[in-house]
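Here's a friendly walk through a protein model, one question at a time. Keep the picture handy as you read.

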Amino acid sequence: MNYQEFIGEMKQAMEQELGNSYQVEVRKIPGFNGQEKTGVTISEKPGQNQIVPVIYLEEVYELFLQKNDLALCVREVLELYREKKQKAEAGELLDLQKLEKWEGVKHSIYPILVSEKENERMKEVYMYRKYLDLLILYVVRVSADGIGTVKITKAMTEQWGITEADLHARAMENLQEDGYTIRDLEQLLDELVLGTEDRAERGSQKDSESRMYVLTNSQKYFGAVGMMLSPQLVKKCIGRKNFYILPSSTHEVLILPDNKKFDAKELIDMVQTVNADCVVPEEKLADHVYYFDWEKRRMAILKKKNLC
């Protein structure tokens, strides 16, 4: 069964399972970097004032290819739907009516970073601001875990009666409280594999000048925008040192202190290789490296030349 056949079979099977009290819709969801995903939504009839979560079918199709069990895939999707429904009933999702007024959403607004080049079409519909060669877009978080979001359109700001400056100021204020941290990459990896004692022993033996750090938010979701906070976070962590920012994905960036030993071309080539081999297209942020200079107090795109 190919993917298109799978989508049709899934929709029919879910409609049979749920009955006439529910509506099942399959829709194409435009993503970032020109990507498009297939999502399924389930809503109760009548469907007014419902937050309808999107469940993406690409991941479910992978399960089908492994198990060749359509009924299992239907159960997985319905279980996800019921979990999200329970969260809504427990008040863990933003009340849809609050989206209508600025006072109801302003504490739930956050910025995210995406590539400008790959997302030019977003400018037509969504509120944005340029940052280097990136776009700052804005979202309303509708779930307590910070994962469920609604991108803010120009029409929404008109309804709220606010300007782009109002939106940006509120998003940056909320960003400051979003649990951003910088953590040693090696120790973070050790934490996933080794015990606390082993981690501490290994960490104490490392050369601090050669360490690489991970910067993201507490949700580890669209945390790359923390690079806008990176100077103050880096200063707290490793002092006033110039540093490189390697865009790992839209969810996190890597921080590398400049110890005058790194070749800029090698760093850029490394980012491009990782993007090509390890990052899904929708989550790719940039194919180059950024550099923060404390003397100039400026973030810039690093050129392909040796800075030693």
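Q: How many salt bridges does the count come to?
A: This is a predicted model, and side-chain atom pairs count here only at pLDDT 80 or more. A pair needs a side-chain nitrogen of Lys or Arg within 4 Å of a carboxyl oxygen of Asp or Glu. By that rule, the count is 14.

Q: How confident is the predictor in the chain, as a mean pLDDT?
A: Of the chain's residues, 86% reach 70 or more. There is a weak spot to keep in mind, as the pLDDT is below 50 over residues 200-205. That stretch has 5 contacts in the model beyond near neighbours in sequence. For the chain, the mean pLDDT is 87.

Q: Which residue forms a salt bridge with Glu-15, and in which helix do both lie?
A: Look for a partner 4 residues away, about one turn of the helix. The closest N and O atoms of the pair are 2.5 Å apart. Glu-15 is partly exposed at 33% relative accessible area, and its partner is partly exposed too, at 27%. The partner is Lys-11, and both lie in helix α1.

Q: Which parts does the salt bridge between Lys-37 and Glu-59 tie together?
A: The two side chains meet with N and O 3.3 Å apart. The residues are 22 apart in sequence, so this pair ties together separate parts: Lys-37 lies in one of them and Glu-59 in the other. Those parts are strand β2 (residues 36-44) and helix α2 (residues 57-67).

Q: Is Lys-37 buried or exposed?
A: The cut-off for buried is under 20% relative accessible area. Its salt-bridge partner, Glu-59, has 45% and counts as partly exposed. Lys-37 has 18%, so Lys-37 is buried.

Q: Which residue forms a salt bridge with Asp-258?
A: Start with Asp-258 itself, which counts as buried at 13% relative accessibility. The closest N and O atoms of the bridge are 3.3 Å apart. The partner is Lys-260.

Q: Which residues are linked in a network of salt bridges?
A: Each bridge joins a Lys or Arg nitrogen to an Asp or Glu oxygen. In this network you'll find two glutamates and two lysines. They are Glu-116, Glu-120, Lys-123 and Lys-130.

Q: In what order do the 3 strands of the open sheet come?
A: Strands of a sheet pair through backbone hydrogen bonds, either parallel or antiparallel. Here the pairing is antiparallel. The edge strands, each pairing on one side only, are β1 (22-30) and β3 (55-56). The order is β1-β2-β3.

Q: Which residue in β3 is the bridge partner of Gly-39?
A: β2 and β3 run antiparallel, and 2 bridges join them. One residue of β3 is paired with Gly-39 in a bridge. That residue is Tyr-56.

Q: At about what angle does α2 run to β2?
A: Two helices can be placed against these strands. α1 lies across β1 and β2, running at about 155 degrees to β1. α2, on the other hand, lies across β2 and β3. Its angle to β2 is about 95 degrees.

Q: How many disulfides does a search of the whole structure find?
A: A disulfide needs two cysteine sulfur atoms within 2.5 Å. Among the cysteines, Cys-73 is buried at 0% relative accessibility, whereas Cys-278 is exposed at 63%. The number of disulfides found is 0.

Q: What distance separates the C-alpha atoms of Glu-62 and Cys-73?
A: Glu-62 sits in helix α2 and is partly exposed at 44% relative accessibility. Along the chain, Glu-62 and Cys-73 are 11 residues apart. Their C-alpha atoms are separated by 9.7 Å.

Q: Is Phe-222 buried or exposed?
A: Most residues other than glycine have a negative phi. Phe-222 has a positive phi of about 50 degrees although it is not a glycine, and its place is the loop between β9 (213-216) and α10 (230-238). With 11% relative accessibility, Phe-222 counts as buried.

Q: Where does Arg-297 lie?
A: Arg-297 is not a glycine either, and its phi is positive, near 50 degrees. At 55% relative accessibility, Arg-297 counts as exposed. Its place is the loop between β12 (290-293) and β13 (298-301).

Key. Residues are numbered from 1 along each chain as its sequence is written. Side-chain values use heavy atoms; hydrogens and water are left out. Buried means under 20% relative accessible area, exposed over 50%, partly exposed in between (1.4 Å probe, protein chains only). pLDDT is the predictor's confidence in each residue, from 0 to 100. Contact means heavy atoms within 4.5 Å. Two strands pair if DSSP finds at least two bridges between them. Axes are lines fitted to C-alpha atoms, for helices over the stretch in contact, and angles run from 0 to 180 degrees between N-to-C directions.
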